[in-house]
Amino acid sequence: MGKSVVLGIESSCDETGAGIVRDGELLAHVVASSMDEHARYGGVVPEIAARAHLHAFRPVVRQALDQAGLRLAQIDAVAVTTGPGLSGALQVGLAGAKTLAYSAGVPLYGVHHLAGHVAADTLEHGPLPEPCVVLIVSGGHTSLLLVRDLVREPILHLGDTLDDAAGECFDKVARILGLPYPGGPAIDRAARDGDPRAVTFPRPLTRPGDDPYAFSFSGLKTAAARWVERHRLRGEQLSVADGAAALQEAVADVLTRKALAACRAYDVKTLVVVGGVAANSRVRGLAEERCAAAGVELRVPPMTLCTDNGAMIAAVGDLLLRSGAEPAPLNVSIDPSAPLEYASLTPLPGSPRRAA
């Protein structure tokens, strides 16, 4: 059997992504973002996102094929995000992917969005070591996972966020500080000129007796809001840079502390940090420091593969195809709130949360 070529489609939120992977090698990676359209509202508007996917789908796929120097007829499989995500956005991607797979006469694979983030690292650093601890940090998700064979074995959740995700916390505090959306990059930029020790923000769920792997960022968001409020009530000058730096330090401290604790507890020598917040300079920097001190290898994808993209979905599809996994049936549906159990996600109409 020759090398197989997989086209991946991602449309779970506000990025329309198409990527092409051949036996673990990235051939094309194209993303169209509707971020600017959402910025004026301070967050993603589902209807705007779905409409943007409709407009971007064909040009993004065409550009990916051109980038790879391929025709649709040369694709061996199509992989698409079927959950979790915004319902309307997911529907657009799935409908388009079904059309492409049917037109090309190739199998279709439904992929869990978070498994895509995990697989993104393989495009830069090769196959994942078995086992490894994976920290997923994004606008909607903060999870600590134990991953063995990504596409053949269940993914063990060590801990998840109980409320706000890390990226959500950045977005909300950025708005309170008067910084633009999206909040993560804005906080990162502002923090460069700040002192992380200038404000003492809490480290949620890090006391003895707390769940060692669960996350909670709602209280941290509230603490930042109260800090801002106190300054304004007193008419005092607010240092946005100090607030941003202290918040970023608190988030990075909690994330890396818990991730390294999981590595120690499960005797794992590799930590993989993925998702949009993995692009944060302090999260990366502190993870590097603590991994080096603990003798743990740190793997973080390049910045362009941290945020949502089609290449990461193609990477999962490539692994599924090579493992001989069953493709999705033609009536595969979406599951906007799918739990991460397996990399392949093929829910059917009328049977929600069915992972396969």
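Two strands pair if DSSP finds at least two bridges between them. The exercises below use a predicted model.

**Exercise 1. Strand β7 and its partners**

Task: Find which residue in β8 is the bridge partner of L145, and state how β7 pairs with β8.

Solution:
- Start with the pairing. β7 and β8 (residues 156-160) run antiparallel, with four bridges between them.
- Now pick out the residue. H157 in β8 is the bridge partner of L145.
- Turn to β6 (residues 132-137). Six bridges join β6 to β7, again in the antiparallel sense.
- Here I136 stands opposite S143 of β7.
- The link between β6 and β7 is a hairpin of four residues.

**Exercise 2. Two faces of β7**

Task: Sort the residues of β7 by the way they point, and say whether they are buried or exposed.

Solution:
- Recall the general pattern. In a regular strand, side chains alternate between the two faces of the sheet.
- Apply it to β7. T142, L144 and L146 point one way. S143, L145 and V147 point the other way.
- Check burial, with a cut-off of under 20% relative accessible area. Six of the six residues of β7 (142-147) are buried.

**Exercise 3. The five-stranded sheet**

Task: Give the strand order of the open sheet, then explain why β3 and β5 each have one side without a neighbour.

Solution:
- The order is β3-β2-β1-β4-β5, and the pairing is mixed.
- β3 (25-33) and β5 (108-112) are the edge strands. Each has a single partner strand, so one side of each lacks a neighbour in the sheet.
- From one strand to the next, the twist averages 20 degrees.
- Look at one pair inside the sheet. β1 (residues 5-10) and β2 (residues 15-22) are antiparallel and share six bridges. V6 stands opposite V21 in β2.
- Add the helices. α2 (residues 46-68) packs on the sheet and touches β1, β2 and β3. Its direction makes about 25 degrees with that of β2.
- α12 (residues 310-323) lies across β1, β2, β3, β4 (77-83) and β5. It runs at about 135 degrees to β1.

**Exercise 4. The sides of α8**

Task: Decide where the buried residues of α8 sit around the axis, and name what covers them.

Solution:
- Check the helix span. α8 (residues 218-234) has 17 residues and reaches 25 Å from first C-alpha to last, close to the expected 24 Å.
- List the buried residues: L220, K221, A223, A224, W227, V228 and H231.
- Their arc around the axis is only 165 degrees, so they lie on the same side of α8.
- The other side carries the exposed residues R226, R232, L233 and R234.
- The cover over the buried residues includes α6 (166-176) and α9 (240-265).
- After α8 comes G235, with a positive phi near 70 degrees.

**Exercise 5. Aromatic pairs**

Task: Classify the pairs Y213 with Y266 and F215 with F217.

Solution:
- Ring centres must lie within 6.5 Å. Planes under 30 degrees apart are stacked, over 60 edge-to-face, the rest tilted.
- With this rule, there are three aromatic pairs.
- Y213 and Y266 have ring centres 6.4 Å apart and planes at 50 degrees, so this pair is tilted.
- The two tyrosines are 53 residues apart. Y213 is in the loop between α7 (183-191) and α8, while Y266 is in the loop between α9 and β9 (270-274).
- Y213 is buried, at 12% relative accessibility. Y266 is partly exposed, at 37%.
- F215 and F217 are 6.2 Å apart centre to centre, with 15 degrees between planes. This pair is stacked. Both F215 and F217 are buried.

How values were computed. Residues numbered from 1 in each chain as written. Predicted model: local features only at pLDDT ≥ 70, side-chain atom pairs only at ≥ 80, totals over all residues. Heavy atoms only, no water. Axes fitted to C-alpha atoms, helices over the stretch in contact; angles between N-to-C directions. Contact = heavy atoms within 4.5 Å. Expected span 1.5 Å × (residues − 1). Buried < 20%, exposed > 50% of the residue type's maximum accessible area, 1.4 Å probe, protein only. Arc of directions from axis to C-beta. Phe/Tyr/Trp six-rings, centres within 6.5 Å; stacked < 30°, edge-to-face > 60°.
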